[in-house]
Amino acid sequence: MPQVLVGFAAFMMDTETASPPWDATLDAASVLRNFSPEAADEVRALLGAHPAFNGMTDPQTLESVALDPEVLPTFMEDIRAMREEAWGGNNFVVIQPVEGLSLEQQMAVPWLIGQVLGHTLVQNQQGHRYYIITDRGGRIEEGARYSQTSQGGSFHTDGVNQKDNYEFMVLHCAVPAAEGGDSILLDGRMVYDDLRENAPPELEVLQQDFLWEYKGVRPGEFYHEPILRLVEGNPQWRYLRDYIEEAARLCGEPLSAEAVAALDRLDESLANPAFQFRFKLDAGQTAVVRDRSVFHGRNPFRDAPGTVSIEERLAAGLDAPLKRTYCRIWVNP
Ligand SMILES: [Fe+2]
């Protein structure tokens with residue numbers, strides 16, 4: 001991006017986003033971004049020589065791949081330009097893989113991206129900042145985290161597990177599902193405009209406090225935050241309905257009829273196919289999403305028989321095919 005445009009986008013981020021809200025008709029090719037050849041060379045040189053990849057037995061080892069500004073100057077420039085574009089544009093981009101990397105090396109790229117974007121956050125009780133998304137066989141209704149199931153639907157933002165949520169969700173596809181698992185994104189501005197026009201009373205309720213659990217991070221502890229906040233006129237969302245209902249149940253504070261009606265109306269907007277931009281990430285692609293501005297979800301998916309988790313494969317030193325394997329990094333600037 002030319003320097004003058006970067007400056008413009010940075011200015012716009014404090015006021016409002018520059019481009020109009022998008023919907024289902026967004027052109028998928030228009031959100032793809034490539035690293036420059038120089039940046040790709042830097043990444044290959046760093047990862048090719050990194051000891052983390054010698055006999056790796058655990059994907060968490062990837063957290064040891066530190067961002068070195070001396071070694072990755074162009075890579076960092078590229079990411080910052082993409083960040084300004086996301087801020088000033090659609091609030092997300094999809095970054096193409098770096099060619100010539102092994103699967104594990106490619107999985108380190110989103111970790112490097114996260115470090116350029118800012119401070120990475122802990123996502124579970126084990127203290128993982130590099131977080132694997134895969135089907136562990138549980139169900140949301142039985143208390144499993146959405147990210148550890150093969151279930152679909154339930155459009156949400158990720159920043160629901162802690163009161164201080166975050167700017168970016170970095171989502172990387174290491175291996176896609178055999179069937180399903182397409183990503184679905186919705187522009188929070190489009191949803192807001194729909195509610196403002198067609199459901200003002202429900203919109204009011206969404207701006208009142210709801211009860212949330214520090215789910216997966218500090219289970220059994222709770223906080224209050226609204227689903228919708230207007231920050232300088234821009235809608236910022238925090239939403240995952242299953243978690244709201246579970247927190248209400250756990251605390252014995254049932255949702256009011258008014259609250260349920262507001263959630264139903266929000267879900268109705270989110271279920272509108274005209275708002276849903278659908279795409280399936282290919283192996284090696286990384287989506288960088290402004291979490292409070294874009295809702296996301298997915299189709300349910302099915303893994304091929306005989307596929308294993310990344311942990312199983314690395315621990316056993318197997319070359320077995322993998323289940324759907326995504327990784328996620330939460331980042332604050
Ligand atoms: Fe999510």
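The radius of gyration of the protein chain is 20 Å, and because a compact globule of 333 residues would be expected to have a value near 20 Å, the chain agrees with that expectation. The structure you see is a predicted model, and in this model the C-alpha trace of the protein chain spans about 60 × 50 × 35 Å along its principal axes.

Turning from the outline to the interior, buried residues make up 41% of the 333 residues in the protein chain. The contacts tell us how the chain is folded back on itself: among the contacts in the protein chain with a separation of 6 or more, 80% are between residues that are 24 or more positions apart.

The secondary structure of the protein chain consists of nine helices and 17 strands. As background for what follows, the strands of a sheet pair through backbone hydrogen bonds, and this pairing is either parallel or antiparallel. One sheet in this model is open and is formed by four strands, which follow one another in the order S5-S15-S8-S13 with antiparallel pairing. At its edges lie strand S5, covering residues 153-156, and strand S13, covering residues 277-279, each of which pairs on one side only. If direction is ignored, neighbouring strands of this sheet are turned by 20 degrees against each other on average.

One edge of the sheet can be followed down to single residues. Here S5 pairs with strand S15, which comprises residues 294-298, in the antiparallel sense and over two bridges. Within this part of the structure, His156 stands opposite His296, a residue in S15.

How values were computed. Residues are numbered from 1 along each chain as its sequence is written. This is a predicted model: local features need pLDDT of at least 70, side-chain atom pairs count only at pLDDT 80 or more; totals for chains, interfaces and linings use all residues. The radius of gyration is taken over C-alpha atoms; the globule rule is 2.2 Å times the number of residues to the power 0.38. A residue is buried if 20 or more other C-beta atoms lie within 10 Å of its own, exposed if 12 or fewer, and partly exposed in between; C-beta atoms are placed from the backbone. Two residues are in contact if their C-beta atoms, placed from the backbone, lie within 7 Å. Two strands pair if DSSP finds at least two bridges between them. Axes are lines fitted to C-alpha atoms, for helices over the stretch in contact, and angles run from 0 to 180 degrees between N-to-C directions.
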